[in-house]
Amino acid sequence: MGFALWSAHQGPGDSPGSGPLTVLAVVCGVLALAAALDLVRVTARRRREAAPTDDAIG
C-alpha cells in the first residue's frame, strides 16, 4: 500500500516515476495475496490432520 500511495503523490519529472512504483505496488499485492492463500491452505491442512479419527479411539 505504501508504494501505491507514493505513486499517487508523484509529480511529473519525479524520480522514481509513478510507473515503476505502480509495478512495485502490484507485485507486492500479488505476493501478499499468495501468502494469504498459502496460510489458508496450511491452516486447513493442519486442522484436517489434527482431527481425531474413529481409528484412533480404542
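Leaving aside residues up to four places away in sequence, Ser18 touches Ser7 and Gln10 in this predicted model. Ser18 is part of helix 2, and its relative accessibility of 37% puts it in the partly exposed class, because that class lies between the 20% and 50% cut-offs. Another pairing ties Ser18 to Phe3: the two are 15 residues apart in sequence, yet their C-alpha atoms are 9.2 Å apart in space.

As for the overall fold, the protein chain has two helices and zero strands. Helix 1 covers residues 2-8 and helix 2 covers 18-50, with Pro16 sitting in the loop between them. That loop residue also takes part in a peptide bond worth a look: the one from Ser15 to Pro16 is cis, with omega near -5°. For context, most peptide bonds are trans.

Turning to the surface, the protein chain has 58 residues, and 5% of them count as buried. The exposed area of the chain comes to about 5000 Å², with 65% of it supplied by carbon and sulfur atoms. Part of the nonpolar surface can be pinned to particular side chains: Val23, Val27 and Leu31 make a patch of about 270 Å². Leu31 belongs to helix 2, the helix that also holds Ser18. How exposed is Leu31, in terms of relative accessible area? The value is 56%, so Leu31 counts as exposed, given that the exposed class starts over 50%. Ser18, at 37%, is partly exposed instead.

How values were computed:
Residues numbered from 1 in each chain as written. Predicted model: local features only at pLDDT ≥ 70, side-chain atom pairs only at ≥ 80, totals over all residues. Heavy atoms only, no water. Helix = DSSP H or I, 4+ residues; strand = E, 2+ residues; numbered from the N terminus. Buried < 20%, exposed > 50% of the residue type's maximum accessible area, 1.4 Å probe, protein only. Areas by Shrake-Rupley, 256 points an atom, 1.4 Å probe, with all protein chains shown as cover. Patch = residues over 30% accessible without salt bridge, like charges linked within 9 Å, V, L, I, M, F, W, Y side chains within 5 Å. Salt bridge = Lys/Arg side-chain N within 4 Å of Asp/Glu carboxyl O. Contact = heavy atoms within 4.5 Å.
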